[in-house]
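Open your viewer and keep the selection tool at hand. We will go from stop to stop, and at each one you will learn what to select and what to look for.

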Amino acid sequence: MTTSQYEKVYTKSIEDPEGFWGSVAEGIHWDRHWDRVLDDSNSPFYHWFSGGMLNSCYNALDRHVEGGRAEQLALIYDSPVTATIRRYSYRELRDEVARFAGVLVDQGVGKGDRVIVYMPMIAEAVIAMLACARIGAVHSVVFGGFAANELATRIDDCKPKAIVTASCGIEVKRVIQYKPLLDGAIETADHKPDACIILQRPQVQATMIEGRDVDWEQAMGTATAADCVSVAATDPLYILYTSGTTGMPKGVVRDNGGHAVALNWSMSAIYDVKPGEVYWAASDVGWVVGHSYIVYAPLFYGCTTLVYEGKPVGTPDAGAFWRVISEHDVNVLFTAPTAFRAIKKEDPEGKLLKNYDLSGFRSLFLAGERCDPDTLEWAQDQLGVPVIDHWWQTETGWAIASNCMGLGALPFKAGSPTKPVAGYDVQVLDIDGHQLPNSEMGNIVIKLPLPPGCLPTLWKNDERFISSYLSTYEGFYLTGDAGFIDDDGYLWIMSRIDDVINVAGHRLSTGAMEEALSGHTDVAECAVIGVEDSFKGQLPLGFIVLKSGVERSDEIIVGELIQRVRQEIGPVAAFKMATVVNRLPKTRSGKILRGTMKSIADGTEHRVPATIDDPVILVEIATSLHLIGYPKQD
Ligand code: COA
Ligand code: AMP
């Protein structure tokens, strides 16, 4: 049997990482060449391209303007919710970004300072991010669906010098005012930013606070363009907070050098696109997919990217994605399976597809949650193009496993993201750290060092980086996912091993929800689990034990609790189900048996744990679940 191109590339990346990544790094413009490809002098903290200097914004914009792509489209903003389409060439985008970088400089922002970007899906969100990169400032984008409290937590952790926001976002037909959320967050937070730059959108005029708030348009009118500042390859480009086990999110750090090298390479190797083609990631800039594949990778590689302010359905119908693909000649689309489940639900026979010319469309990539084979096969049948499920995490910043379409596609297996991508030595270990035989399920880990582009640490928290990811198995990164490798070397990602759940492709912490619920005066104890859902993948479900003596009705309290999670975490938590129970099932040592409750809710087989304190409680739990319609009958 001949060795495939994928195998050759993968083997080289594992056997000679320095040789492999050193040569891949030539795809990036360096102001100063690196001293070492891989600096392992302070393991387990590894650094890629130490000694190297570059600028990520220069690599995303200026080098293409100088290299002959000045008039090519860099970014298309398509907003069905405001009936707007705006196009930016590489030259126009570079000029806007340079000017906004000047605005930041005028506000005292410099290299290493943090800037929070709390914006809806508009071109200015990308402009703000790239402007930070241009002057060496570190952006931290906060997803618009998070509430003021979550924003405050991030303000206190990364201590931004400035915050950039817009007067509102638009959720289909609902206008969401951002400014009151921002003001509330700043009031709650201990740290106060020096300046807030506000983009006034026509739908809402935000009230400005004198001396702190700066109007985007006015500031752009007087600012002068700022040049790219050279930064170390190992300097942080951004911090992106992601859900962990507790309410305090983890500040995933991304460096400049390794990130640019890995993402630029991924465009050809994984996505098989060419410079000049149109690449659309239908996600949000607030998530890692948005950072990597709306903003950085397509621009590093000289593609045209798309910022879509709309939904797969309802803006105006389930043909929205097909309209965008045909109108902008999209070659490759990347989104979460839940978006396709939404389309399939509304237009199961794909009737709306027939209204559009998708002849230039080549492939669909899915990630963010487990992709059920039904959805994958439906998408493939409707579109007639390869549908590639690939697996990754905020922490890695790019795919850990994928069918690498640019390295010769391997045979597909629905339900598996295929094989590890170059640089990732993926293994499956048992609880004692022994490698498991094929097809046996265990903890999925990646042997250190992680490849370029992955997190070097957590923001100002090396200890949490080690305790969260590196302390379970020495020399390995714990992904938090469980699964197995089959006899053909294909990976199967089956579930999380922690309390993270995935709702509509959004990563959420049940621990954070429990913290919000516990703050209610009537709640004695609670537990939140993620139950299976045929549309959103999972949905949070709360079990509530009330304090003794509480006489108000369960219904009123549950209503208040739902409102509370929405207000403290945000609408994105999608917390809409809770049931009051007398007690929670626990082990004799007091550990809540969330896994057992989940199995009962999902209707999957479970064994009553030998260590359970009182098995009768499980009967009560099953009865409460039955009353709210679980397990589902469909
Ligand atoms: N600002 C404010 N609110 C937001 C928001 C934002 N940026 N994003 C979502 N919300 C709100 C929604 O309006 C919804 O509010 P509601 O409870 O009042 O209805 C709530 O948060 C939950 O959002 P979501 O779980 O996304 O549900 P939805 O019904 O609005 O949309 C999908 C479902 C499938 C259409 C949508 O999640 C989607 O397009 N997902 C795929 C793409 C994606 O986001 N991927 C992310 C990682 S790749
Ligand atoms: P996030 O950090 O938001 O990207 O979420 C990462 C988590 O989503 C992973 O750890 C997995 O649990 C899940 N995930 C992402 N992509 C896939 C996939 N293709 N298959 C299964 N699970 C996935």
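The tour begins at the ligand and then moves on to two sheets.

Before you start, keep in mind that this is a predicted model.

**Stop 1: the ligand and its shell**

Select ligand 1 and show the residues around it: there are 25 of them, and E171, R174, K536, R566 and K576 come nearest. Colour this shell by residue type, and you will find 12 nonpolar, seven polar and six charged residues. Now colour by domain instead. Domain 1 (5–310 + 390–483) and domain 2 (504–627) each give at least three residues to the shell. If you prefer to think in secondary structure, highlight β10 (174–177) and α12 (337–346), each of which supplies at least two shell residues.

**Stop 2: polar contacts of the ligand**

Stay with ligand 1 and zoom in on R174, where a polar side-chain atom lies 2.8 Å from an oxygen atom of the ligand. Next, pick G145: here a backbone N or O atom lies 3.4 Å from a nitrogen atom of ligand 1. Then move to V572, which has a polar backbone atom 3.4 Å from an oxygen atom of ligand 1. How much of the accessible area of ligand 1 does the protein cover? Of the 930 Å² that ligand 1 has on its own, 84% is covered.

**Stop 3: the seven-stranded sheet**

Leave the ligand and select the strands in the order β5-β4-β17-β16-β18-β19-β20, which form an open sheet with mixed pairing. At the edges you will see β5 (84–89) and β20 (387–389); each has a single partner strand, so one side of each has no neighbour in the sheet. On average, neighbouring strands here are turned by 20 degrees against each other, direction ignored.

For a closer look, select β4 (73–79) and β17 (304–308), which pair in the parallel sense over four bridges. Click on L75 and look across to T305 in β17, its bridge partner.

**Stop 4: the four-stranded sheet**

Finally, select β23, β24, β25 and β26, which form an open sheet in that order, with antiparallel pairing. The edge strands, β23 (426–429) and β26 (491–496), each pair on one side only. Neighbouring strands of this sheet are turned by 50 degrees against each other on average, again ignoring direction.

Which strand pairs with β26 over five bridges? That is β25 (476–485), in the antiparallel sense. To end the tour, select G483 and find I493 of β26 standing opposite.

Conventions
Residues numbered from 1 in each chain as written. Chains lettered and ligands numbered in written order. Predicted model: local features only at pLDDT ≥ 70, side-chain atom pairs only at ≥ 80, totals over all residues. Heavy atoms only, no water. Near = heavy atom within 4 Å. Polar contact = N/O pair within 3.5 Å; in protein donor to acceptor, adjacent residues only side chain to side chain. Areas by Shrake-Rupley, 256 points an atom, 1.4 Å probe, with all protein chains shown as cover. Nonpolar A, V, L, I, M, F, W, Y, C, P; charged D, E, K, R; others polar. Domains from an automatic or database assignment. Pairing = 2+ DSSP bridges. Axes fitted to C-alpha atoms, helices over the stretch in contact; angles between N-to-C directions.
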